[in-house]
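I set out to look up burial, core packing and enclosed space in one structure. My entries follow in the order in which I made them.

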Amino acid sequence: MKEKAGAKTKAASKKAAAKPAQTEKPKVVSEERDIAVEQKLVSLYALQSVDSAIDAIRILRGELPLEVQDLEDDIAGYQNKIERIKADMTEITKNISDRKAAITDIKAQIKKYEKQLREVKNSREYDALNKEIEYQNLENQLHEKKIREATITLEKRKADLERIEAACAERQKDLEAKKGELDEIVAETEKDEKALVKKSEEYQANIEPRWLRLYERIRNNAHNGLAVVCVERDACGGCFSKIPPQRQIDIRMHKKIIACEYCGRFLVDDTIKEKAEEITGKLK
């Protein structure tokens, strides 16, 4: 009985000795983990705030950058057409010139054969020269026909060129007007945008590459560009889906980075938001 009592006492002593060690160790690890995760969340929210401010500036420009790009593409297309038409016209003009030169040669050749025809001594030579003259006349007619067809085609190309050049000039006027509007807006916001872009790059440098890649992917897939949102009224600040109470407690504890089960955005509480705003200067 004494041995059993002694064994129980030893076991109880070991259990009591082990218990404080278990409570202390997780506490230290938990605090370290909380600080690391909290810093990541603050950095992510700060980056989101700056990127959202950049988005707001770019939204002011509206569709102007896209309109400018479309106009530049249209003008480039017209210029390519103009170059092709001019190349066709050059080729057609050369073809007409070559055929006119060929007609001149043919006429000279016919005169030569006609002269020889007056000097022939037998019917065989006479028939041969007549056939040659006939052939040259047919060649001449063919060249003249091709010249007429080429001239008609050349006139059509000239009309096409004038039409496309007029359309291109009109697009150029539109482009200059749109660029003027865009340049005016950019001039007003360029300084602020550059400062924000610089801040964004600084915050990105403080975020691990894997989290940064995930942030960019979520942001690119989100229609409003939000990858990090606050919990508002027990719901996700991005998709407004309800968040269970236990999950809200986990978000407030900052022990791990938690994403919305529905939209995938990173979720933070007001504490993270306040700390991030202290860094960013409460950007809107």
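Entry 1, a histidine. I began with H143, which counts as buried because its relative accessibility is 13%, under the 20% cut-off. The model is a predicted one. I placed H143 in helix α3. I then looked up its partners: the H143 side chain makes a polar contact with the side chain of R99, at 2.9 Å. Setting aside neighbours within four places in sequence, I listed R99, A102, I103 and I106 as the residues in contact with H143.

Entry 2, the largest nonpolar core. I noted 26 residues in this core, of which L44, Y45, Y215, V228, I257, F266 and V268 touch the most other members. At least two residues each come from α1 (2-60), α3 (123-205), α4 (209-221), β1 (228-232), β4 (266-268) and α6 (270-280). Helix α1 contributes the most, with eleven residues. For I257 I recorded contacts with V37, K40, L41, L44, W211 and F266, residues up to four places away in sequence not being counted.

Entry 3, another core. Apart from the largest core I found another, of 19 residues, with Y78, I96, I103 and I164 among them.

Entry 4, enclosed space. How many cavities of 30 Å³ or more does the structure hold? I found one. The largest cavity has a volume of about 60 Å³. I listed its lining as C236, S241, K242, I243, P244, R247, C260, E261, Y262 and L267. By class, I entered this lining as six nonpolar residues, three charged and one polar.

Conventions: Residues are numbered from 1 along each chain as its sequence is written. This is a predicted model: local features need pLDDT of at least 70, side-chain atom pairs count only at pLDDT 80 or more; totals for chains, interfaces and linings use all residues. Side-chain values use heavy atoms; hydrogens and water are left out. A nonpolar core is a set of buried Ala, Val, Leu, Ile, Met, Phe, Trp, Tyr and Cys residues joined through side-chain atoms within 4.5 Å. Buried means under 20% relative accessible area, exposed over 50%, partly exposed in between (1.4 Å probe, protein chains only). Helices (H or I, at least four residues) and strands (E, at least two) are DSSP runs, numbered from the N terminus. Contact means heavy atoms within 4.5 Å. On a 1 Å grid over the protein atoms alone, a cavity is a set of points where a 1.4 Å probe fits but cannot get out, and a pocket is an open set with protein on both sides within 12 Å along at least five of seven lines; lining residues have an atom within 4 Å of a point. Grid points are joined across faces, edges and corners, and a volume is the space filled by probe spheres set on the points. Ala, Val, Leu, Ile, Met, Phe, Trp, Tyr, Cys and Pro count as nonpolar, Asp, Glu, Lys and Arg as charged, and the others, Gly among them, as polar. A polar contact is a pair of N or O atoms within 3.5 Å; within protein, one must be able to donate a hydrogen and the other to accept it, and residues adjacent in sequence count only if both atoms are side-chain atoms.
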